[in-house]
Amino acid sequence: MMKIAVIGAGPAGLYFSLLAKKHNPKHEIKVYEQNLRGATYGWGVVFSDVGLSFLKEADPEFFKEFTAHHECCDYMEIVHQDTRVQVHGNHFSRTARIDMLNTLNAACERLGIDVVYEQRITDIEALSQQVDLVVAADGGNSAIRTQYAAHFQPQFERRRNKFVWYGTRQRFHPVSLIFRSHESGGVFIAHAYQYSPELSTFLVEVDPETWDKCGLDKMSEEESKDFCEKVFAPDLGGNELLTNRSLWFEANIVRNENWTYDNIVLLGDALRTVHFSLGSGTRMAMQDAIALNNAIAEHPSDLKQAFAAFEAQRRTASSSFQTAAAKSLDWYENVATRMDLDPISFTYDYMRRTDKVSHQDLKEKDPHFIAAYEQLHPDFKQ
Ligand SMILES: Cc1cc2nc3c(=O)[nH]c(=O)nc-3n(C[C@H](O)[C@H](O)[C@H](O)COP(=O)(O)OP(=O)(O)OC[C@H]3O[C@@H](n4cnc5c(N)ncnc54)[C@H](O)[C@@H]3O)c2cc1C
């Protein structure tokens with residue numbers, strides 16, 4: 001039996017608590033969350049079939065409950081030069097972030113986990129002395145990581161593009177990536193996907209020069225929203241964009257030299273952030289939770305060994321995911337140089353941007369798409 005304090009009721013903290021309590025009902029687990037119960041930012045979250053398969057394997061019962069109302073689609077769509085190109089064989093499952101957190105919270109409370117809202121942990125030193133394990137799942141701006149920065153040695157990389165999260169009632173059934181050349185000379189990108197019967201996430205991305213040129217640096221939340229509605233008018237079908245603290249921000253990529261300190265372990269966004277455009281942050285956070293639970297289950301009475309097992313399971317996957325995510329960010333940041341490509345070649349270039357997906361992989365997933373590409377490029381050699 002362990003006494004465990006979890007800081008943060010996001011997907012990392014709640015999912016870890018659930019798995020740990022299921023594995024050993026004698027664990028005493030308390031989750032501390034600074035926000036009000038039911039408060040959330042963001043709109044929907046999206047999982048690929050690979051992401052979902054981890055959840056299914058880790059806890060089939062929760063998986064069933066979690067995915068019961070997901071919106072699913074087996075293809076994605078790239079909109080370039082006003083042409084929609086579909087790529088099949090890419091399964092994506094979507095849900096509202098708030099529904100995900102509520103389902104996790106309910107499952108935790110059913111098992112007797114104490115989830116305390118409106119309590120911000122400020123003195124981690126004192127807390128860590130009262131428990132066997134502290135799970136620092138306190139998000140991308142982790143105060144615990146900052147408090148022990150000399151030990152964790154976090155590194156930060158601020159990426160150049162600007163992002164803003166919106167919602168919309170326009171339903172983007174496939175995960176959709178929309179590229180719109182703007183009269184200012186830049187390119188606006190929307191990452192959109194339906195996550196409930198009525199709503200879609202609509203994340204807008206633009207390079208900082210275009211952002212400045214368009215005066216978005218001086219606009220209010222409402223003015224920015226109106227501006228983006230005009231840019232994406234051909235895609236929104238007359239629907240407005242919806243705001244929820246929708247302020248422009250830049251991706252801050254976090255990694256840590258050390259993942260643990262004494263009896264404290266970093267988890268989820270506190271440990272590492274990835275490109276959030278397609279919800280991989282949520283997926284990585286939940287995979288961290290699975291790995292930490294497995295490690296503690298394997299070494300219930302030796303935290304040092306458990307931490308080593310956790311790192312062994314996650315280090316390589318985490319850095320290779322971050323490398324792929326960095327390539328993806330590079331692709332988006334340099335998209336202006338590719339805007340002259342025809343829609344099929346542009347989509348092909350997008351699909352291969354991380355070097356993780358080969359020509360053959362694409363051929364197996366969507367032979368029609370690859371046939372169209374090969375017809376345009378008869379001299380293409382793999
Ligand atoms: C503005 C924004 C919008 C986003 N929207 C989306 C989206 O629409 N779709 C998507 O897939 N991903 C989205 N993401 C990314 C995604 O939320 C994260 O990758 C994912 O939630 C990581 O999970 P986590 O549990 O590690 O951290 P988080 O989900 O960030 O959870 C950390 C929790 O810890 C709490 N906390 C922090 N410090 C303390 C403290 N000292 N005491 C108590 N509690 C504390 C926070 O309030 C928070 O609830 C968004 C990220 C940001 C920054």
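In this predicted model, six strands make up an open sheet of mixed pairing, and their order across the sheet reads E6-E2-E1-E7-E15-E14. The two edges are formed by strand E6, residues 114-116, and by strand E14, residues 260-261, each of which pairs on one side only. Within this order, strand E7 (residues 133-136) runs parallel to strand E15 (residues 264-266), and the two are joined by 3 bridges; in one position of this pairing, Val134 has Ile264 of E15 as its bridge partner. As a general matter, the strands of a sheet pair through backbone hydrogen bonds, in either a parallel or an antiparallel manner.

At the level of domains, the protein chain is divided into domain 1, which is assembled from the segments 3-39, 95-158 and 253-331, and domain 2, which spans 341-376. The centres of the two domains, taken over C-alpha atoms, lie 36 Å apart, and the contact between them draws on 6 residues from domain 1 and 7 residues from domain 2.

The interface of domain 1 and domain 2 is summarised below.

| Interface property | Value |
|---|---|
| Buried area | about 640 Å² |
| Share of that area from carbon and sulfur atoms | 60% |
| Salt bridges | 1 salt bridge |
| Polar contacts | 4 residue pairs, both residues at pLDDT 80 or more |

On the side of domain 1 that touches domain 2, the residues divide into 3 nonpolar, 2 polar and 1 charged. As for individual side chains, those of Asp355 and Lys327 meet in a salt bridge, with an N to O distance of 3.2 Å.

How values were computed:
Residues are numbered from 1 along each chain as its sequence is written. This is a predicted model: local features need pLDDT of at least 70, side-chain atom pairs count only at pLDDT 80 or more; totals for chains, interfaces and linings use all residues. Side-chain values use heavy atoms; hydrogens and water are left out. Domain bounds come from an automatic or database domain assignment. Contact means heavy atoms within 4.5 Å. Buried area is the accessible area (1.4 Å probe) that two parts lose on being put together, summed over both. A salt bridge is a side-chain nitrogen of Lys or Arg within 4 Å of a carboxyl oxygen of Asp or Glu. A polar contact is a pair of N or O atoms within 3.5 Å; within protein, one must be able to donate a hydrogen and the other to accept it, and residues adjacent in sequence count only if both atoms are side-chain atoms. Ala, Val, Leu, Ile, Met, Phe, Trp, Tyr, Cys and Pro count as nonpolar, Asp, Glu, Lys and Arg as charged, and the others, Gly among them, as polar. Two strands pair if DSSP finds at least two bridges between them. Helices (H or I, at least four residues) and strands (E, at least two) are DSSP runs, numbered from the N terminus.
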